[in-house]
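Let us walk through a protein model together, one feature at a time. Keep the structure open beside you as you read.

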Amino acid sequence: KVYKPEQVKVRISTLNMGDMRHLLPEMTEKQQYLLSRALRRVNEGRRGTPWGVADLKLAIKNVSKQKIDDDSDGADASSTVHALTWRIEQRFVDSFTFDDMQHLDLPEIFKPGQCTVLPLNEIDERDQQVVVASLLRRLNQARMDTERGKVHSGESYLPYPVFVLLEEAHHFAPGGAEVVSTAILKQVLAEGRKFGIGVGLISQRPGKLD
């Protein structure tokens, strides 16, 4: 089954702070602090249900109000909020890859007997790395939860081993540079086999691999 590039989607609520730093480089320390607290708040508030850009922006404003109450420098906090919400809008609203609701369904991708191809060549390299990181994190969690009997149905239930091949692997675990997909790749390569996850790295430039 070959997906079209426009079908390769990542739900925004599956992104973590590491993904956000990767997608929004050059954030100030204050912006990172606000975004980190807002992500925690929106994840705790929605308890596993999907949330989108509007929810994240609202959480940033709510977190900033609390900070302004504790901090005398309200004008500075207000400008930080404005800059951060503007960057989030620019990055995620009308995005080709990131969506409030749509994402790749794990049981659909990892169907027994099926080879699924996800073309990423039309996607920006940073976005490619986040797609891979997000998918591997979800896959790893799904296999762990299934093996431990925590889930028995739904999109996190994968009662069979899976094998993932990464073409142009030096883009996802480059030597000399830590990108967002490197850490989860290292974790899956080190620990994934006991949960039934196999990974193959393919590269014509193995010297550029971590």
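Which element gives the largest share of the lining of the second largest pocket? The answer is α6, with four residues. Before we look around that pocket, a word on what you are seeing. This is a predicted model, in which local features need pLDDT of at least 70 and side-chain atom pairs count only at pLDDT 80 or more, while totals for chains, interfaces and linings use all residues. Residues are numbered from 1 along each chain as its sequence is written, and side-chain values use heavy atoms, with hydrogens and water left out.

Start with the overall layout. The chain has seven helices and four strands (DSSP runs numbered from the N terminus, with H or I over at least four residues for a helix and E over at least two for a strand). Following the sequence, you meet them in the pattern β-α-α-α-α-β-α-α-β-α-β. The chain is as compact as a globular protein of its length, because its radius of gyration is 18 Å, close to the 17 Å that the globule rule gives for 210 residues (the radius is taken over C-alpha atoms, and the rule is 2.2 Å times the number of residues to the power 0.38). Along its principal axes, the C-alpha trace spans about 60 × 40 × 30 Å. Of the 210 residues, 44% are buried (buried means under 20% relative accessible area, exposed over 50% and partly exposed in between, with a 1.4 Å probe and protein chains only).

Now for the empty spaces. On a 1 Å grid over the protein atoms alone, a pocket is an open set of points with protein on both sides within 12 Å along at least five of seven lines, a cavity is a set of points where a 1.4 Å probe fits but cannot get out, and lining residues have an atom within 4 Å of a point. Grid points are joined across faces, edges and corners, and a volume is the space filled by probe spheres set on the points.

The largest pocket has a volume of about 820 Å³. Among its 29 lining residues, Thr116, Val117, Leu118, Val164 and Leu165 are the closest to its centre. Its lining divides into 20 nonpolar, six polar and three charged residues (Ala, Val, Leu, Ile, Met, Phe, Trp, Tyr, Cys and Pro count as nonpolar, Asp, Glu, Lys and Arg as charged, and the others, Gly among them, as polar). Here too α6 gives the largest share, six residues.

Back to the second largest pocket, with a volume of about 280 Å³. Of the 17 residues that line it, Arg11, Ser13, Thr14, Gly48 and Glu155 are the closest to its centre. Its lining holds four nonpolar, eight polar and five charged residues.

There is also one cavity of 30 Å³ or more, with about 40 Å³ of space. Its lining includes Lys9, Arg11, Thr14 and His103, and α6 gives the most, with four residues.

Finally, look at the rings. The whole structure has one aromatic pair. The rings of Phe92 and Phe98 have their centres 5.6 Å apart and their planes at 85°, so the pair is edge-to-face (rings of Phe, Tyr and Trp, the last by its six-membered ring, pair if their centres lie within 6.5 Å; planes under 30 degrees apart count as stacked, over 60 as edge-to-face and the rest as tilted). Both Phe92 and Phe98 are buried.
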